[in-house]
Amino acid sequence: MTTAIAIVGTLLGSALTAFVTARTERRKNEALERQQIRQEAAQDRTALRELRVEHQKWRRDRRQAAYKTLMDAAHEAQGAIWQLSRLTLEPYDQHRYDTWRGAAIDAVRATRQAANTVELEGPAAVAQAGAEYAEAIDQHIHPPIQYLMELSRGPLTGEQKDRYRSSAAETGLHVDDTQRRFVPLARAALDELMDEADQRT
């Protein structure tokens, strides 16, 4: 009888030990699984953060290229318009007029196209300033063209010359104003993207 009780006690002890061991093992496995889930979630967050940083840098590079293209195109257009305006100081020459007029119109068109890219890249304030910059360049080409067309029909009066000078000066100042407005907005937009990227790293 005592042997039977001892055997039953041993069996119960073994069963209880096995139960406690299994329960402890299960809890340990559950804790490991939770830790693994947390680690995977942290890795996912890190990967997402890195992806966002890369996207911000890519976005900044795209914007910077668009802004630079607009400024380069505007500079080229201003040079072509200046060459066209030089013809107003000389006797009228149809061939030179056609050559420089074509070059200036092509350069202004390239400026408008660059402004369209800036509009796509944004942000809105920079897009608006870029459009105004391109529009100012577009307006700046008209005074010399108008003057040279009038010159092609014969000598001009002092009033016509004064009107040309006044119009050319006004559109030139407008170009300068729009450039001064565009540049700081473009810089701020690029800095903002870099700041966002730095905050995520």
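**Helical architecture, core and pocket of the predicted chain**

Of the 201 residues of the chain, 29% count as buried. The structure described here is a predicted model, in which the chain averages a pLDDT of 88 and 88% of the residues score at least 70. Confidence varies among the elements of the chain, with the lowest mean pLDDT, 82, found for helix 1 and the highest, 97, for helix 3. Where pLDDT is low, the predicted coordinates should not be read in detail.

The chain contains five helices and zero strands, so that, read from the N terminus on, the order of the elements is α-α-α-α-α. Among the contacts in the chain with a separation of 6 or more, 81% are accounted for by residues that lie 24 or more positions apart. The chain exposes about 13300 Å², and 55% of this area is supplied by carbon and sulfur atoms.

The largest nonpolar core comprises 37 residues, of which Y67, L84, I137 and F182 touch the most other members. At least two residues of this core are supplied by each of helix 1 (2-86), helix 2 (94-121), helix 3 (124-140), helix 4 (142-152) and helix 5 (158-200), and helix 1 gives the most, with nine residues. When residues up to four places away in sequence are not counted, L84 touches Y97, W100, R101 and A104, together with I141, P144, I145 and L148. Three of these partners, P144, I145 and L148, recur among the buried residues of helix 4, a set that also includes P143, Y147, E150 and L151.

Two features of the backbone were noted outside the helices. In the loop between helix 2 and helix 3, where P123 is placed, the peptide bond from G122 to P123 is cis, with omega near -5°. Just after helix 4, a positive phi of about 145° is taken by G154.

The largest pocket holds about 280 Å³ of space. It is lined by 16 residues, and those closest to its centre are S85, R86, T88, Y164 and A168. Helix 1, helix 4 and helix 5 each supply at least two residues of the lining of this pocket.

One of these central lining residues, S85, is found in helix 1 and is classed as buried because its relative accessible area of 17% falls under the 20% cut-off. With neighbours within four places in sequence left aside, S85 is in contact with P144 and Y164. The first of these partners, P144, is also touched by L84 and is one of the buried residues of helix 4, whereas Y164 is, like S85, among the lining residues closest to the centre of the largest pocket. A further relation to helix 4 is given by P143, which is 58 residues from S85 in sequence but 8.5 Å from S85 in space, C-alpha to C-alpha.

P143, which is itself buried, is also approached from helix 5, in which T171 has its place. T171 is in contact with Q139, H140 and P143 when its neighbours within four places in sequence are left aside. A relative accessible area of 11% is computed for T171, which therefore counts as buried under the same 20% cut-off.

How values were computed: Residues numbered from 1 in each chain as written. Predicted model: local features only at pLDDT ≥ 70, side-chain atom pairs only at ≥ 80, totals over all residues. Heavy atoms only, no water. Core = buried A, V, L, I, M, F, W, Y, C linked by side-chain atoms within 4.5 Å. Buried < 20%, exposed > 50% of the residue type's maximum accessible area, 1.4 Å probe, protein only. Helix = DSSP H or I, 4+ residues; strand = E, 2+ residues; numbered from the N terminus. Contact = heavy atoms within 4.5 Å. pLDDT = per-residue confidence, 0-100. Areas by Shrake-Rupley, 256 points an atom, 1.4 Å probe, with all protein chains shown as cover. 1 Å grid on protein atoms, 1.4 Å probe; cavity = no way out; pocket = protein on both sides within 12 Å on 5 of 7 lines; lining within 4 Å. Points joined across faces, edges and corners; volume = space filled by probe spheres on them.
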